[in-house]
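Dear colleague,

I am passing a structure on to you, together with some notes on what I found when I went through it. Please keep it open beside this message while you read.

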Amino acid sequence: MIRSLLTLVTALAVTPVLAPAAHASTEFQQVAIDLSSLQVPAEAEITLTWQPQISPTYAECKTADRAESAGLLTSVTASCWATESQTITVTASYAGQQASAQLAFTSPKPAGSPRDYRLMRTPGGQFLKFESCATIPVRLNLGGAPRNPDLDFATRFAVRQLAQASGLRLVFKGRSSYMPRRGAEPPSRGIWIGYAYPGAGKGRSNLLSRGNRDELGIGGPYYSGRTIVSGQLVLSRKNLAKFGGTPLLIETLMHELAHTVGVDHSSARGGQIMAPVATGEANVTWGRGDLRALKKVGPGRTCPAQL
């Protein structure tokens, strides 16, 4: 008999007010760009562009501060984050003039306590796990949405992060026509992702709550005995668009994917991806509790190389 834990997993929600204490490990890092040789008026609008060293990756910068002297802009400070440690070249432009600086971005260390985690259990108290060393395909249904490069990148990145932390053989297989819904069982083994509005019909999923304006996603496993057979999750197209931002999209995917492999919620304010409430900060680093949990749901050994 295949059972579902989707009804037992609390959906991830977001608070519109940023709460730095919730994800203290995440910080934008800053670099100053010298504009003293460009003769830029102090009130000028500066355009920031940036180029990450690693591809594919994701980086984002914003203006954090400006300095001026004698009516001229002398420098701007850019505040940046990226999904990986790397060098980011940041360029400030005005009226055809440019100046650049490089930021050696370092990913934050895992935060919180290694004891801050919970694992999903069967009614008999057994921990749930996928079959060790088996390949787990991951597929995405866009729900009729236009192709979204940020969603594609976020999905691939989150799958890679989960695979690296757990040791599970997760492989992103691209698009799917199956939309996860309550009462519907995934068509085959693997993890199935939907990007949808709440409700019934094309591009919708009844796993999402119609009245919850803060819900970002919901996910969980299907299991037989203590073995996870498949997992499914749905991202709220409406609420993710409302709160916006690639960092939040990545964080939501990492959180819900971890549910599908048997990781439950951590405490609310322990600096973990698996906290039940997201802050919308650029938090794409597993916490220490997350990492402990993911190791426990992984194969627990080095799997033989695939031919």
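**An open sheet and two loop residues**

In this predicted model, three strands come together in an open sheet, where their order is S5-S8-S9 and the pairing is antiparallel. The edges of the sheet are taken by strand S5 (47-52) and strand S9 (97-105), and because each of these has a single partner strand, one side of each is left without a neighbour in the sheet. If direction is ignored, neighbouring strands of this sheet are turned against each other by 20° on average.

To follow one of these pairings in detail, you could look at S5 and strand S8 (residues 86-94), which run antiparallel and are joined by six bridges. Within this pairing, Trp50 has Val90 in S8 standing opposite.

The other finding concerns backbone angles in two loops. Most residues other than glycine have a negative phi. Gln39, however, is a residue other than glycine with a positive phi, near 55°, and it is found in the loop that lies between strand S3 (29-34) and strand S4 (40-41). Cys133 also has a positive phi without being glycine, with a value near 70°, and its place is the loop between strand S10 (129-130) and strand S11 (135-141).

Are these two residues buried or exposed? Gln39 has a relative accessible area of 53%, and since exposed means over 50%, Gln39 is exposed. Cys133, at 15% relative accessibility, falls under the 20% limit and therefore counts as buried.

With kind regards

Key:
Residues numbered from 1 in each chain as written. Predicted model: local features only at pLDDT ≥ 70, side-chain atom pairs only at ≥ 80, totals over all residues. Heavy atoms only, no water. Pairing = 2+ DSSP bridges. Helix = DSSP H or I, 4+ residues; strand = E, 2+ residues; numbered from the N terminus. Axes fitted to C-alpha atoms, helices over the stretch in contact; angles between N-to-C directions. Buried < 20%, exposed > 50% of the residue type's maximum accessible area, 1.4 Å probe, protein only.
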